[in-house]
Amino acid sequence: MNEQMLKKVMYALIAAVVVLAGVLAYIWYQKTSLVNDLTVEKEELTSQMIALQNDYETLSSEYDDINLQLDSSRIEVQLLIEKIKKTEATNRSKIRQYEKELGTLRSIMRNYVVQIDSLNKLNKKLTADAAEARRQAAESKKVSEELSKTVANLTVQVEAGSQLKAYGLKTEAYNASDKVTDRSSRVTYLLTSLSLGENDLAERGPVTVYVRVKDPDGVLLVNDTQKTFEYNGETLICSASREVDYQGSAVEMGIYLNGITGYVKGVYSIEVYTAKSLLGTTELILR
């Protein structure tokens with residue numbers, strides 16, 4: 001091989017070396033650029049995960065079940081951050097997997113936010129409804145108490161209004177000739193006269209009127225037909241009594257006291273009752 005040929009071969013080898021060096025430099029540049037891009041991508045992914053971790057830390061709830069789920073998600077985020085840090089930037093399949101997991105955790109967090117917001121709104125509404133219910137209950141109770149007082153007052157008024165009243169109450173002494181007398185020695189019987197007044201509220205039906213007569217010494221006058229009656233939970237003895245049929249209209253009546261002997265001079269006190277009320281009192285003076 002002559003010198004001319006050797007030069008040509010040498011030039012060809014030099015050219016090949018230069019081309020190969022250029023190709024290797026290009027490949028190295030491309031690889032370095034790719035690694036740099038993947039490293040930036042990894043760092044960006046890591047930053048996003050840390051930001052998501054901070055978001056989870058600031059998220060709170062008043063509900064135990066949601067708090068348990070949040071704690072579990074926080075642990076997942078922390079573990080994923082640790083995995084990303086340990087993974088080479090060139091492991092593109094792992095990086096893509098972590099990106100998907102990041103998207104899933106973000107979606108889960110948005111659901112938490114919506115759920116917590118809905119529960120808070122519901123809680124506020126329930127609180128407001130409970131407060132309104134308590135207010136209405138208190139108002140109803142107040143109205144009920146006022147109504148009960150009104151009913152009680154009306155009941156008292158009706159009971160008071162339904163009590164029979166006596167008019168023209170008087171007691172006179174009569175002698176054996178059925179004439180009025182004020183001489184104690186001539187008295188044979190006493191007659192108590194009265195009128196039961198008209199009353200639309202009073203109970204209809206039989207009404208017994210009782211008369212109690214006390215002599216000047218306060219001794220109750222009684223005969224062989226002695227009767228008792230209940231008044232205000234107390235059993236009283238009456239001197240005489242009479243039953244009438246009361247239908248709401250005025251009733252004139254007289255009650256006789258017979259069978260008493262030995263009237264004395266002085267002032268006699270007379271009380272007239274029904275089982276429900278004291279109709280009135282009067283006096284009789286004998287000389």
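Let me start with one pair of residues: V209 stands opposite R242, and R242 belongs to strand β6. What we are looking at is a predicted model, so please hear everything that follows as a description of that model.

The two strands around that pair are β3, which covers residues 205-214, and β6, and they pair in the antiparallel sense over seven bridges. As a reminder for those who do not look at sheets every day, strands of a sheet pair through backbone hydrogen bonds, in either a parallel or an antiparallel way. Here β3 and β6 are part of an open sheet of four strands, in the order β6-β3-β8-β9, with antiparallel pairing. Strand β6, at 240-246, and strand β9, at 278-286, stand at the edges with a single partner strand each, so each of them has one side left without a neighbour in the sheet. From one strand to the next, the twist averages 20 degrees.

Stepping back to the whole chain, the protein has three helices and nine strands, and if you read from the N terminus, the order of elements is α-α-α-β-β-β-β-β-β-β-β-β. Of its 287 residues, 30% count as buried, and the protein exposes about 19000 Å², of which carbon and sulfur atoms supply 54%. If we take the contacts between residues at least 6 apart in sequence, 67% of them join residues at least 24 apart.

Now to the loop between β1, residues 166-174, and β2, residues 189-196, which is where T181 sits. Is T181 buried or exposed? With a relative accessibility of 12%, T181 counts as buried, because the cut-off for that word is under 20%. Its side chain reaches the backbone nitrogen of R183 at 3.1 Å, and, if we leave aside its neighbours within four places in sequence, T181 is in contact with A173, Y174, N175, R186, V187 and L286.

D178 is in that loop between β1 and β2 as well, but D178 is exposed, with a relative accessible area of 51%.

My last point concerns backbone angles, where the general background is that most residues other than glycine have a negative phi. D178, although not a glycine, has a positive phi of about 60 degrees. N232 is not a glycine either, and has a positive phi of about 55 degrees. Where does N232 lie? N232 is found in the loop between β4, at 227-231, and β5, at 234-238, and with 67% relative accessibility N232 counts as exposed.

Methods: Residues are numbered from 1 along each chain as its sequence is written. This is a predicted model: local features need pLDDT of at least 70, side-chain atom pairs count only at pLDDT 80 or more; totals for chains, interfaces and linings use all residues. Side-chain values use heavy atoms; hydrogens and water are left out. Buried means under 20% relative accessible area, exposed over 50%, partly exposed in between (1.4 Å probe, protein chains only). Contact means heavy atoms within 4.5 Å. Accessible areas come from the Shrake-Rupley method with a 1.4 Å probe; for residues, only the protein chains shown count as cover. Two strands pair if DSSP finds at least two bridges between them. Axes are lines fitted to C-alpha atoms, for helices over the stretch in contact, and angles run from 0 to 180 degrees between N-to-C directions. A polar contact is a pair of N or O atoms within 3.5 Å; within protein, one must be able to donate a hydrogen and the other to accept it, and residues adjacent in sequence count only if both atoms are side-chain atoms.
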